Amino acid sequence: MTTKELEIQIRQKKSFLCIGLDVDLHKIPSHLLTFDDPIFEFNKSIIDATHHLCVAYKPNTAFYEAYGIKGWQSLKKTIDYLNEFYPEFYTIADAKRGDIGNTSSMYAKAFFEDLGFDSVTVAPYMGKDSVEPFLAFPDKHTILLALTSNEGAFDFQTKKIDKNELYKQVLETSKTWKNSENLMYVVGATKADYFKEIRKIVPNSFLLVPGVGAQGGKLEDVCEFGLNSQIGLLINSSREIIYASSGKDFAEKAQEQAIRLQLAMEKILS
Ligand SMILES: O=C(O)c1cc(=O)[nH]c(=O)n1[C@@H]1O[C@H](COP(=O)(O)O)[C@@H](O)[C@H]1O
């Protein structure tokens with residue numbers, strides 16, 4: 001999917017919400033555990049209840065890898081379900097990959113070709129040749145970690161190298177890489193104070209912004225400097241939406257949380 005198509009979706013739905021499918025068998029309603037594939041049943045219900053309120057879904061692969069082969073099958077069934085029944089959706093494999101080029105190209109094949117995701121999150125630490133194999137895929141996006149939502153972001157990302165903070169170097173240097181038009185960036189919602197500076201370096205890029213809800217980030221704070229003329233933001237919330245209830249009404253309660261965020265986004269967009 002191109003960013004133009006993503007923007008069209010956002011304007012039609014008046015939403016730039018991304019729902020994180022971080023499925024933990026200890027947190028999903030117990031009645032689902034009797035199904036052959038509880039993770040997929042959970043995802044299917046959440047997707048069916050929220051698809052009109054968001055534009056993207058982001059399964060974090062850790063929550064699937066943790067359950068071995070069965071978990072990977074649940075991930076595959078989830079992306080297949082999205083691609084078959086909701087092909088207009090933007091899909092993000094949150095895998096935070098990145099390795100020597102030869103290995104990165106296999107990661108890229110896994111997420112873009114085999115699974116059929118639109119995008120994958122990638123760590124920039126190993127540099128240009130570790131990211132360019134992902135960028136080589138047309139109409140697929142590589143979402144590079146720039147300034148993350150966690151406390152540990154201050155350990156390295158905000159430290160100065162020469163005269164620039166590391167996260168700024170990541171933004172600036174990555175713009176020079178081959179096919180850099182296929183880049184998006186992760187910036188945590190908990191780092192709202194940094195959006196003004198970030199937009200000076202990447203005014204036109206889409207930013208994936210996790211950390212609204214359970215991590216305390218605020219939608220309005222992010223939007224103040226994060227929005228651009230193409231919207232340019234995908235705001236992710238996972239636990240606050242998908243675990244709004246642990247009862248049989250889980251999908252309904254997830255929908256209520258998604259409605260709350262969508263309405264706030266509609267207000268911001270108007
Ligand atoms: O790449 C990510 O999506 C990500 C980057 C980041 O800086 N912070 C962050 O929380 N995430 C992911 O975004 C999701 C946030 O989940 P909640 O805190 O439950 O909304 C998790 O899947 C995290 O792994």
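Helix-axis angles under 35 degrees count as roughly parallel, over 145 as roughly antiparallel and 65 to 115 as roughly perpendicular, and the rest are classed as oblique. In the predicted model described here, this scheme is applied to three helix pairs, beginning with the pair formed by α2 and α12.

The axes of α2 and helix α12, the latter spanning residues 250–269, cross at roughly 45 degrees and come within 9 Å. Because an angle of roughly 45 degrees falls in none of the named ranges, α2 and α12 are oblique to each other. The crossing in which α2 passes α12 is right-handed. On the α2 side, S45, I46, A49 and T50 form the contact, and α12 contributes A251, E252, A254, Q255 and A258. By class, the contact of α2 with α12 comprises five nonpolar residues, three polar residues and one charged residue.

Helix α2, which covers residues 38–50, also packs with helix α4, residues 68–85; the axes of these two helices come within 9 Å and cross at roughly 25 degrees. With angles under 35 degrees counted as roughly parallel, α2 and α4 are therefore roughly parallel to each other. A right-handed crossing is again found where α2 passes α4. The contact draws on I39, F40, N43, K44 and I47 of α2, together with G71, S74, K77, T78, Y81 and L82 of α4. Five nonpolar, four polar and two charged residues make up the contact of α2 with α4.

The third pair consists of helix α5, residues 101–114, and helix α6, residues 128–135, whose axes come within 8 Å and cross at roughly 30 degrees. Helices α5 and α6 are therefore roughly parallel to each other, and their crossing is right-handed. Residues G101, S104, S105 and A108 of α5 meet D129, S130, E132, P133 and F134 of α6. The contact of α5 with α6 divides into three nonpolar, four polar and two charged residues.

Attention then turns to the ligand. Around the ligand lie 20 residues, of which N60, T148, P210, S238 and R239 come nearest. Two or more residues of this shell are supplied by each of the elements β10 (233–237) and α11 (239–242). In terms of residue class, the shell around the ligand contains three nonpolar, 13 polar and four charged residues.

At the level of annotation, an unreviewed UniProt entry lists residues 16–254 as "domain: Orotidine 5'-phosphate decarboxylase". In the model, residues 16–254 are 39% helix and 18% strand, and the C-alpha atoms at the two ends of the span lie 16 Å apart.

Key:
Residues numbered from 1 in each chain as written. Predicted model: local features only at pLDDT ≥ 70, side-chain atom pairs only at ≥ 80, totals over all residues. Near = placed C-beta within 6 Å. Helix = DSSP H or I, 4+ residues; strand = E, 2+ residues; numbered from the N terminus. Nonpolar A, V, L, I, M, F, W, Y, C, P; charged D, E, K, R; others polar. UniProt positions renumbered as here; feature names shortened; annotations may be inferred. Axes fitted to C-alpha atoms, helices over the stretch in contact; angles between N-to-C directions. Left-handed = near helix turned anticlockwise from the far one by under 90°. Contact = placed C-beta atoms within 7 Å.
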